[in-house]
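Please open the model in a viewer and keep the selection panel at hand. The tour below proceeds from one selection to the next.

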Amino acid sequence: MTDTFHPLDPLTAAEFTQVADILRAAHEVAAGWRYTSIELIEPSKAEVAAFDSAGTVPERLALAVLLDTGTNRTYKGLVSLTAGTVLSWDHIPGVQPNFTVDEWEEADQALRKHPDVIAALAKRGITDMDLVFMDTWTYGDVVMPEKYRDRRLGWSDTWVRAAEGANPYAGPVNGFHCVIDMNTMELLEIEDTFTVERPEMMGEYVPQHIPERIRKAGTREPLQPLNITQPEGVSFTLDGNLLKWQNWSLRVGFNYREGMTLHAVTYNDNGRVRSVANRMSFAEMMVPYRDHCVDHYRRTAFDIGEWGIGFMTTSLELGCDCLGEIRYLDAVLHNSKGEPYTIKNAICIHEEDNAVLWKHVDHHSGAEVRRMRRLTVSFHVTVANYEYLTYWRFYQDGSIECEVRATGIMVVSNFAEGQAHPHGTLVDQRTYAPYHQHFLVARLDLDVDGTQNTVYATETEIEPMGPDNPYGLSLRQRNTALRTESEGKQDMNFQTQRAWKVVNDNVRNGIGTAPAYKLVPGGAFPAMFDPDSPVLARCKAIEHTLWVTPNSAEERWPAGEFVTQSREDHGLPMWTAADRPIENTDVVLWYVFGIHHITRPEDWPIMPADVVSFWLKPVGFFDRNPSLDVAAAPPKACHSTECAED
């Protein structure tokens with residue numbers, strides 16, 4: 001352990017290796033097994049508090065999920081890294097663990113080499129298999145062929161590039177899908193259902209592959225350089241995974257399933273360190289394609305539960321993803337053999353200017369203005385054709401913003417001349433992009449001035465016109481405490497501007513009211529599923545904008561722990577059926593938001609980032625504007641020399 005060790009720090013490369021070595025020795029885990037996941041069992045709040053106050057180091061635990069590919073059996077092993085022993089080893093019947101990147105790559109290679117696939121594609125005039133890409137998806141139980149129900153099953157899309165390095169997603173091979181046993185990489189069948197004559201498309205975005213006539217048609221003038229510099233260095237400190245900036249303190253974590261996680265978020269309020277959140281992360285992402293045709297009816301992805309966005313996290317050294325004076329954190333994960341590897345620059349930390357924080361121009365004394373600075377902690381994920389860019393932003397006024405940007409390449413299908421495409425938008429010649437939705441579930445374990453909190457629904461009411469309100473002007477605010485899990489199932493209401501406050505009723509601020517943080521919703525939309533839909537049954541979490549549950553270490557995954565090949569949601573609907581009390585207790589908020597993607601031609605061939613966000617804003621957490629002490633920017637930073645000389 002290093003001098004900066006903390007019990008919430010992610011597993012190290014040595015610890016991943018130790019887990020694999022311990023299980024290999026204790027249970028003869030060898031060739032034919034896959035480590036689908038290894039993750040830290042995070043210590044409890046009490047254990048973290050004991051470490052922070054007295055240096056008491058809790059037992060270091062890791063949980064491994066393994067798949068015996070020879071028997072198609074799933075096992076969970078709890079390992080004590082402290083003692084070097086296996087604490088439990090259990091077979092979990094009837095479930096499939098998450099797919100791994102290794103499997104995805106192996107399936108592509110196996111299918112492209114298979115003689116039946118080569119022959120079937122040759123009949124379609126596709127003969128250069130180096131240009132072919134087989135993109136394997138998981139199955140949901142509801143659409144699995146009955147005869148393969150006892151297998152670990154994948155199905156593939158087939159794409160073909162126009163040339164080496166060109167965009168494969170611009171070459172759909174419609175009506176052609178392979179069904180594959182992911183344990184044996186055995187091709188079970190080829191679904192060769194229909195063919196479509198390929199239209200003339202322009203689906204390229206890499207400059208050298210864009211046709212010259214289109215490149216020359218551009219009229220955009222080049223931009224002058226915009227240099228963001230901090231010659232005196234950054235204003236934050238990073239000690240191991242502990243990040244501090246402008247009264248904020250937090251710890252940055254990482255795991256295979258959630259990717260980046262944020263822990264122990266506090267605010268130093270004039271010397272008093274106050275808790276805001278214990279843990280914040282994304283717990284699920286469901287992307288159903290809303291088109292029942294043969295190419296798309298199976299296309300419902302659970303990018304967190306079925307794959308893990310930690311495994312999909314990309315290195316930020318590969319492009320200009322962050323701008324300015326940057327500090328990075330690496331992430332360490334493992335392959336399906338249990339061997340560790342490092343994602344360099346997985347997490348980006350930097351400061352950003354964000355225009356005006358507050359301003360007033362007084363008639364007599366002139367202007368007072370403060371510029372807004374924010375700290376941004378981000379990571380980027382590539383899930384096959386899509387990119388998801390996640391930014392957690394911390395502000396000087398005590399607010400926290402979570403922003404997600406979706407970009408990348410849409411799935412498209414070609415269609416025959418004159419054929420309708422009612423479930424998608426025309427984006428190229430005889431090419432449509434199906435409508436789909438991106439549902440994200442944020443898991444927010446807030447601890448507002450302590451762990452005993454109550455969530456209130458806060459809504460604006462129109463006061464009826466009458467003697468006390470003769471002009472119909474007055475509005476009033478209604479705050480309703482959510483006392484049970486059934487009351488904690490909440491939906492967006494535009495008419496009342498519904499939001500939710502996490503309140504500590506056991507504490508009073510300087511003006512006599514209870515401190516709170518408000519979840520200000522953004523990017524929320526209805527599920528738009530028939531209640532009897534078997535697709536909805538796999539993730540009933542999306543039926544509500546917000547769920548509130550009592551905090552439980554065992555309740556982490558809103559659609560259930562094992563989502564691959566699932567039939568129904570074993571997460572939030574099952575937990576909340578008990579209708580447990582949630583008043584004045586340690587609560588977790590599950591916020592459902594995302595992108596209702598009605599596709600556009602402007603999203604093709606590569607999608608400009610679609611941006612959604614939500615906010616956590618202090619409400620009575622401070623006695624007044626906490627950013628009164630922000631220093632004014634020096635004049636030389638706000639006025640250019642050229643302007644001054646004019």
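Which residue of E25 does Thr458 stand opposite? Select Thr458, and Asn479 in E25 will be found opposite. Before the tour continues, note that this is a predicted model, in which local features need pLDDT of at least 70 and side-chain atom pairs count only at pLDDT 80 or more, whereas totals for chains, interfaces and linings use all residues. Residues are numbered from 1 along each chain as its sequence is written, and side-chain values use heavy atoms, with hydrogens and water left out.

**The sheet**

Now colour the strands. Helices (H or I, at least four residues) and strands (E, at least two) are DSSP runs, numbered from the N terminus. Two strands pair if DSSP finds at least two bridges between them. On this basis, an open sheet is formed by 10 strands in the order E15-E16-E17-E18-E19-E30-E27-E26-E24-E25, with antiparallel pairing. Its edges are strand E15 (326-334) and strand E25 (475-481), each of which pairs on one side only. From one strand to the next, the twist averages 25 degrees. Strands of a sheet pair through backbone hydrogen bonds, either parallel or antiparallel.

Return to strand E24, residues 454-462, which is joined to E25 by seven bridges, the two running antiparallel. Five bridges join E24 to E26, and these two strands also run antiparallel. Thr458 has Ala499 as its bridge partner in E26.

Next, select E26, residues 499-503. Five of its five residues are buried, so the strand is largely enclosed by the rest of the structure; buried means under 20% relative accessible area, exposed over 50%, and partly exposed in between, with a 1.4 Å probe and protein chains only. In a regular strand the side chains alternate between the two faces of the sheet. Show the side chains of E26: Ala499, Lys501 and Val503 point one way, while Trp500 and Val502 point the other way. E26 pairs with strand E27 (residues 516-520) over four bridges in the antiparallel sense, and Trp500 stands opposite Leu519 there.

At the E15 edge, select helix H1, residues 13-27. H1 lies across E15 and strand E16 (340-362) and runs at about 10 degrees to E15. Such angles run from 0 to 180 degrees between N-to-C directions, the axes being lines fitted to C-alpha atoms, for helices over the stretch in contact.

**Aromatic rings**

A pair of aromatic rings is described by the distance of the centres and the angle of the planes. Rings of Phe, Tyr and Trp (its six-membered ring) pair if their centres lie within 6.5 Å; planes under 30 degrees apart count as stacked, over 60 as edge-to-face and the rest as tilted. The whole structure contains 27 aromatic pairs. Select Phe593 and Phe614: their ring centres are 5.2 Å apart and their planes are at 75 degrees, so the pair is edge-to-face. Phe593 lies in strand E29 (residues 587-597) and Phe614 in strand E30 (residues 607-619), 21 residues apart. Both are buried.

Then select Arg257, which lies over the face of Trp557 at 4.0 Å from the ring centre. The charged end of Arg298 sits over the ring of Trp155, 4.7 Å from its centre. The criterion is that NZ of Lys or CZ of Arg is within 6 Å of the ring centre and within 35 degrees of the ring normal.

One aromatic cluster consists of Trp248, Tyr267, Phe394, Tyr517, Phe621 and Phe622. Keep it displayed and add Gly398, which is placed in the loop between strand E18 (386-395) and strand E19 (400-408). Gly398 is buried, with a relative accessible area of 0%. Beyond its neighbours within four places in sequence, its contacts (heavy atoms within 4.5 Å) include Trp248, Tyr267, Tyr517 and Phe622.

**Cysteines**

Finally, select the cysteines. The structure holds one disulfide, a disulfide being a pair of cysteine sulfur atoms within 2.5 Å. This bond joins Cys322 to Cys348, with S to S at 2.2 Å. Cys322 lies in the loop between helix H6 (303-307) and E15, and Cys348 in strand E16, so the pair ties together parts that are 26 residues apart in sequence. Cys322 is buried at 8% relative accessible area, as is Cys348 at 0%.

Why is Cys178 without a bond? The closest cysteine sulfur, in Cys293, is 17 Å from that of Cys178, too far for a bond.
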